[in-house]
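Subject: Structure handover

Hello,

Here is the structure you asked to take over. My notes on it follow below.

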Amino acid sequence: MQKIRKSDEEWRAVLTPDQYAVARKKATERAFTGKYVESHEPGIYRCVCCGNPVFASASKYDSGSGWPSFTAPAGQESVETHSDGSHFMQRTEVVCARCDAHLTAQAPKACAIASTPARSTSRNRTRSD
Ligand SMILES: [Zn+2]
């Protein structure tokens, strides 16, 4: 997969301040404030930065944590995981395989969403190749 590399300035220009903070700076949304926590709409969650399909709504489950949670990525090459041993507990960070956007950290209360669902019926449907 072709990697997308942009500077902080370039990302800041295309993202909202909240998206930028979560996706590029690994800020964590406050629990139960995310747009998609209660969403059960079918579709594909795409990386907010590059449009890469990262999670399918079919794998979304109610974790009770206040953050959207998924049991599996949309595809094998959708996401990459990075181990983060710098904290007292081992965390696995999930990032977009294409642009390294922070998607979730699979640790207690450290899960942030940086994706937007794209409805299959959307007229703005984009093809990914
Ligand atoms: Zn991405």
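**What was found**

His82 is exposed, because only 12 other C-beta atoms lie within 10 Å of its own and 12 or fewer is the cut-off. This residue sits in strand 5, residues 79-84. Setting aside neighbours within four places in sequence, His82 is in contact with Glu93 and Val95. Glu93 is 11 residues from His82 along the chain, and the two C-alpha atoms are 5.1 Å apart.

Please keep in mind that this is a predicted model.

**Overall make-up and confidence**

The protein has 129 residues, of which 29% count as buried. Its secondary structure amounts to two helices and eight strands. Read from the N terminus, the order is α-α-β-β-β-β-β-β-β-β. Taking contacts between residues at least 6 apart in sequence, 55% connect residues at least 24 apart.

Confidence is uneven. The mean pLDDT of the protein is 70, with 57% of residues at 70 or more. Helix 1 (residues 8-14) has the highest confidence, at 94, and strand 8 (residues 115-118) has the lowest, at a mean of 44. Across residues 106-125 the pLDDT is below 50, although this stretch still has 58 contacts in the model beyond near neighbours in sequence. Where pLDDT is low, predicted coordinates should not be read in detail.

**The core**

Nonpolar side chains tend to be buried together in soluble globular proteins. In this model the largest nonpolar core comprises 19 residues. The residues with the most contacts inside this core are Cys47, Cys49, Val54, Val79, Cys96, Ala101 and Leu103. Two or more core residues come from each of helix 2 (17-23), strand 1 (44-47), strand 2 (53-56) and strand 6 (91-96).

Which residues does Val79 contact, leaving aside its neighbours within four places in sequence? The list is Val54, Pro73, Val94, Val95, Cys96, Ala97 and Leu103. Val54, Cys96 and Leu103 are also among the residues with the most contacts inside the core.

**The hairpin of strands 1 and 2**

Strand 1 and strand 2 run antiparallel and are joined by three bridges. Among the bridge pairs, Ile44 is partnered with Ala56 in strand 2, and Arg46 with Pro53. The two strands form a hairpin with five residues between them.

Gly51 lies in the loop between these strands and has a positive phi of about 80°. Is Gly51 buried or partly exposed? Gly51 counts as partly exposed, because it has 17 C-beta neighbours inside 10 Å, while a buried residue needs 20 or more. The C-alpha atoms of Gly51 and Cys96 are 9.7 Å apart, with 45 residues of separation along the chain.

**A backbone angle to check by eye**

Most residues other than glycine have a negative phi. Asp100 is not a glycine, yet has a positive phi of about 65°. Asp100 is found in the loop between strand 6 and strand 7 (102-105). With 19 C-beta neighbours inside 10 Å, Asp100 is partly exposed, because buried requires 20 or more.

Regards

Methods. Residues are numbered from 1 along each chain as its sequence is written. A nonpolar core is a set of buried Ala, Val, Leu, Ile, Met, Phe, Trp, Tyr and Cys residues joined through C-beta atoms within 7 Å. Helices (H or I, at least four residues) and strands (E, at least two) are DSSP runs, numbered from the N terminus. Two residues are in contact if their C-beta atoms, placed from the backbone, lie within 7 Å. Two strands pair if DSSP finds at least two bridges between them. pLDDT is the predictor's confidence in each residue, from 0 to 100.
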